[in-house]
Amino acid sequence: MPKITNEIINSVHENSIDVENRIIYLHGHSTDSVDESEPGIDYRVANRFIKNINLLSMASKDPITIYLASTGGQVEYGLSIYDAIKSSDCHITCIGHGVV
């Protein structure tokens, strides 16, 4: 097992992906200020997720695990995430936390 460093931890938190273990963290954003959109899945979360799942899918056909926690969000971006999951050739396991 590789040594877990602060650099690895920061990279996973910043990019929502653990490439070595083929894990994607799909967590909706929270609203911290008045000018934010509703909390949950939005274009930022969806775009990062689509990039991450494509990266893992192109690297290998090994299984991908997705940890999902979200309070909702915008439907069209949720559907784009669904499409990305369905179009992957990898076996996908989704693990939900909280209300999903």
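Helices here are DSSP runs of H or I, at least four residues long, numbered from the N terminus. By that rule, A59 lies in helix α2. The model is a predicted one.

**The sheet**

Four strands form an open sheet in the order β1-β2-β3-β4, and the pairing is mixed. β1 (17-18) and β4 (92-96) stand at the edges. Each has a single partner strand, so one side of each is left without a neighbour in the sheet.

β1 pairs with β2 (residues 23-27) in the antiparallel sense, over 2 bridges. I17 has I24 as its bridge partner in β2. D18 has I23 as its bridge partner in β2. The hairpin of β1 and β2 has 4 residues between the strands. Within that hairpin, R22 takes a positive phi near 60 degrees.

β2 and β3 run parallel and are joined by 5 bridges. Y25 is bridged to Y67 in β3.

**Y25 in β2**

Y25 sits in strand β2. Is this residue buried or partly exposed? Y25 is partly exposed, at 27% relative accessible area. Beyond its neighbours within four places in sequence, Y25 is in contact with V12, S16, I17, D18 and Y67. The C-alpha atoms of Y25 and F49 are 8.2 Å apart, and the two residues are separated by 24 residues along the chain.

**Helix α2 and its end**

Helix α2 (residues 43-59) lies across β1, β2, β3 (64-69) and β4. The helix runs at about 170 degrees to β2. A59 in this helix counts as exposed, with 62% relative accessibility. R22, the hairpin residue with positive phi, is 37 residues from A59 along the chain. The C-alpha atoms of A59 and R22 are separated by 9.9 Å.

**Salt bridges**

How many salt bridges does a search of the whole structure find? The search finds 2. Side chains of opposite charge can pair when their charged atoms come close.

| Salt bridge | Closest N and O atoms |
|---|---|
| D42 with R44 | 2.5 Å |
| D89 with K61 | 3.8 Å |

The cut-off is 4 Å between a side-chain nitrogen of Lys or Arg and a carboxyl oxygen of Asp or Glu. The D89 with K61 pair, at 3.8 Å, meets it. D89 lies in the loop between α3 (75-87) and β4, and K61 lies in the loop between α2 and β3, so the pair ties together parts that are 28 residues apart in sequence. Both D89 and K61 are exposed.

In the pair of D42 and R44, D42 is buried, with a relative accessible area of 1%. R44 counts as partly exposed, at 37% relative accessibility.

**S88 in the loop before β4**

The loop between α3 and β4 also holds S88. S88 has a relative accessible area of 14% and is buried. Which backbone atom does the side chain of S88 reach? The side chain of S88 reaches the backbone nitrogen of C90, at 3.1 Å. Leaving aside neighbours within four places in sequence, S88 is in contact with I53, S57 and I64. Of the residues in this loop, S88 is buried, whereas D89 is exposed.

Note on methods
Residues numbered from 1 in each chain as written. Predicted model: local features only at pLDDT ≥ 70, side-chain atom pairs only at ≥ 80, totals over all residues. Heavy atoms only, no water. Pairing = 2+ DSSP bridges. Contact = heavy atoms within 4.5 Å. Axes fitted to C-alpha atoms, helices over the stretch in contact; angles between N-to-C directions. Buried < 20%, exposed > 50% of the residue type's maximum accessible area, 1.4 Å probe, protein only. Polar contact = N/O pair within 3.5 Å; in protein donor to acceptor, adjacent residues only side chain to side chain.
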